[in-house]
Amino acid sequence: VQLQAYGGGLVQPGGSLRLSCAASGTIFSVRVMSWYRQAPGKQRELVAAITSGGSTVYTDSVKGRFTISKDNAKNTVYLQMNSLKPEDTAVYYCNADIRPEFSMRFGTYWGQGTQVTVSS
């Protein structure tokens, strides 16, 4: 099982970006998919998460600006980021709790990270 993240880049303050993360491999079930971020000199923090049933949570600093969504058929999670601020600059990582086929257990998987830079 692998997670592949896409969509980072450089954007001006107030702009938008959409991140995508696709899970591939022999997957039996996906439980929770999340986005984390890590800014230079700071700890990695949870940005948003979405359960298999569609329930979502967001960190306070992105509420009303970011939207997490998913496509169950494609095992893909998205993060629509609007009204971006310089403080959103970070490496963004996707994360998922996945039960591989032929396994009885869920495991936690991480994508490779994608850089988001908000600057004028």
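Biologist: In what sense do strands β7 and β8 pair, and over how many bridges?
Modeller: In this predicted model, strand β7 covers residues 66-71 and strand β8 covers residues 76-81. One position that shows the register is Phe66, which stands opposite Met81 in β8. The two strands run in the antiparallel sense, and the number of bridges between them is six.

Biologist: Which residue in the turn between β7 and β8 has a positive phi?
Modeller: The two strands form a hairpin, with four residues between them. Within that turn, a positive phi of about 50° belongs to Asn75.

Biologist: Which residue of β8 is the bridge partner of Cys21?
Modeller: Besides β7, strand β8 also pairs with β3, which spans residues 17-24, in the antiparallel sense and over six bridges. Among the positions of this pairing, Cys21 has as its bridge partner in β8 the residue Val77.

Biologist: How many residues of β8 are buried?
Modeller: Strand β8 pairs with β3 and with β7, and the strand is described as mostly covered. Of its six residues, the number that are buried is five.

Biologist: Which element gives the most residues to the largest nonpolar core?
Modeller: The largest nonpolar core has 29 residues, and those with the most contacts inside it are Trp35, Val47, Phe66, Leu79, Met81 and Tyr92. Elements giving two or more residues to this core include β3, β7, β8 and β9. The element that gives the most, with five residues, is β9.

Biologist: Why does Leu19 count as buried?
Modeller: Leu19 is found in strand β3, and, beyond its neighbours within four places in sequence, its contacts include Trp35, Leu79, Met81, Tyr92 and Val116. The contact list of Met81 likewise includes Leu19, Tyr92 and Val116. Leu19 counts as buried because its relative accessibility, which falls under the 20% cut-off, is 0%.

Biologist: How far apart in space, C-alpha to C-alpha, are Leu19 and Gly8?
Modeller: Gly8 is among the residues in contact with Leu19, as are Tyr6 and Gly7. Although Leu19 and Gly8 are 11 residues apart in sequence, their C-alpha separation in space is 6.3 Å.

Biologist: How far away from Arg99 is the nearest side chain of opposite charge?
Modeller: Arg99 lies in strand β9, residues 90-100, and, leaving aside neighbours within four places in sequence, is in contact with Ile27, Phe28, Ser29, Met104, Arg105 and Phe106. Arg99 is buried yet has no salt bridge, a contact that would require a separation within 4 Å. The nearest side chain of opposite charge is that of Glu101, at a distance of 9.8 Å.

Methods
Residues numbered from 1 in each chain as written. Predicted model: local features only at pLDDT ≥ 70, side-chain atom pairs only at ≥ 80, totals over all residues. Heavy atoms only, no water. Buried < 20%, exposed > 50% of the residue type's maximum accessible area, 1.4 Å probe, protein only. Lys, Arg positive; Asp, Glu negative; His and termini not counted. Contact = heavy atoms within 4.5 Å. Pairing = 2+ DSSP bridges. Core = buried A, V, L, I, M, F, W, Y, C linked by side-chain atoms within 4.5 Å.
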